[in-house]
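Here is a short briefing to read alongside the model. Take a look at the sequence and the structure, then follow the points below.

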Amino acid sequence: MDNVDPWVWILIAVVALLLVAALVWALTKGNKAKEEKRLEKEREQRVEAARLRDEAREASVSANQTAAGAAAARADADQARLDAERLERQAEELHQEAAETKQHVEHRMAKADEIDPDVTDGQRNDRTDAQRDDLTDGRHDDVAAARQDPVSQDRPVFTGKHGGDPDSDVRDPALTDAPPEDPDTRRV
């Protein structure tokens, strides 16, 4: 190897250095590319995580709104149930009041028949039977019973709430044992 010129050795050394530099450069570039890919992947993962968090927040808001709607619907249902119970109690009270009023009317009609010299025993029995039929049929139609009585055709028919004139809503104290009703305490 002694007969190789020094310029050949220099050329071999330069080529070797270039090969080593190229190898180092290729490895460095590969590492940088890998690092850039890793960083790009992390950026994509961060963006995806942020998107998922936003969707989760929106879903949470929607779930809270749905829960609030359900609570409002439940409150409305509870209120409707309470209103229905109150109306049922009111209807029962009014039904009971109507039954008591009709019973009072029947008592007053029977008392009127007892003291009326124009009403015979047969007519009293007919009225009593008609009123009993009305009660057993679930009808409390005193007007119909009065119309069936031939003698009552000459007398005014009881149609008002408090008796007497159907256009009057004032109770005549002479026709009742009960004290006059205070208009401020009357039920609607």
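## The annotated stretch and the long run of α1

The UniProt record, an unreviewed entry, places its "transmembrane region" annotation on residues 6–28. Please keep in mind that this is a predicted model. Across residues 6–28 the chain is 100% helix and 0% strand, with the end C-alpha atoms 32 Å apart.

**Helix α1**

- Helix α1 covers residues 6–115.
- How does the span of α1 compare with what its 110 residues should give at 1.5 Å a residue? The expected span is 164 Å, and the end C-alpha atoms are 161 Å apart, so the two agree.
- Buried residues in α1 include Val105, Glu106, Arg108 and Asp113; each of them therefore has under 20% relative accessible area.

**A nonpolar patch**

- Trp7, Leu11, Val15 and Leu19 make a nonpolar surface patch of about 440 Å².
- Tryptophan 7 sits in helix α1.
- Is tryptophan 7 buried or exposed? Its relative accessible area is 55%, so tryptophan 7 is exposed, the cut-off for that word being over 50%.
- Here is a general point that helps with the patch and with the pairs below: an α-helix has 3.6 residues a turn, so residues three or four places apart point the same way.

**Salt bridges along the helix**

- How many salt bridges does the structure hold? There are eight, and three of the pairs are described here, starting with arginine 38 and glutamate 35.
- Arginine 38 pairs with glutamate 35, and their closest N and O atoms are 2.3 Å apart.
- Both arginine 38 and glutamate 35 belong to helix α1, where they are three residues apart, or about one turn of the helix.
- Arginine 38 is partly exposed at a relative accessible area of 39%, and glutamate 35 is also partly exposed, at 35% relative accessibility.
- Arginine 51 and glutamate 48 bring their side chains together in another salt bridge, with 2.4 Å from N to O.
- About one helical turn separates arginine 51 from glutamate 48, because they are three residues apart in helix α1.
- Arginine 51 has a relative accessible area of 37% and is partly exposed; glutamate 48, with 34%, is partly exposed as well.
- Aspartate 54 forms a salt bridge with arginine 57, and here the closest N and O atoms are 2.8 Å apart.
- Aspartate 54 and arginine 57 are again in helix α1, three residues apart, about one turn of the helix.
- Which side of the exposure cut-off do these two partners fall on? Aspartate 54 is partly exposed at 40% relative accessibility, whereas arginine 57, at 52%, counts as exposed.

**A salt-bridge network**

- Which residues are linked in a network of salt bridges? The members are Glu35, Arg38, Glu42 and Arg46.
- The pair of arginine 38 and glutamate 35 described above, with its 2.3 Å approach of N and O atoms, has both partners in this network.

**A side chain that meets the backbone**

- Threonine 101 is another residue of helix α1, and it is partly exposed at 30% relative accessibility.
- What lies 2.9 Å from a polar atom of the threonine 101 side chain? The partner is the backbone oxygen of glutamate 97.

Technical notes. Residues numbered from 1 in each chain as written. Predicted model: local features only at pLDDT ≥ 70, side-chain atom pairs only at ≥ 80, totals over all residues. Heavy atoms only, no water. Salt bridge = Lys/Arg side-chain N within 4 Å of Asp/Glu carboxyl O. Helix = DSSP H or I, 4+ residues; strand = E, 2+ residues; numbered from the N terminus. Buried < 20%, exposed > 50% of the residue type's maximum accessible area, 1.4 Å probe, protein only. UniProt positions renumbered as here; feature names shortened; annotations may be inferred. Expected span 1.5 Å × (residues − 1). Patch = residues over 30% accessible without salt bridge, like charges linked within 9 Å, V, L, I, M, F, W, Y side chains within 5 Å. Areas by Shrake-Rupley, 256 points an atom, 1.4 Å probe, with all protein chains shown as cover. Polar contact = N/O pair within 3.5 Å; in protein donor to acceptor, adjacent residues only side chain to side chain.
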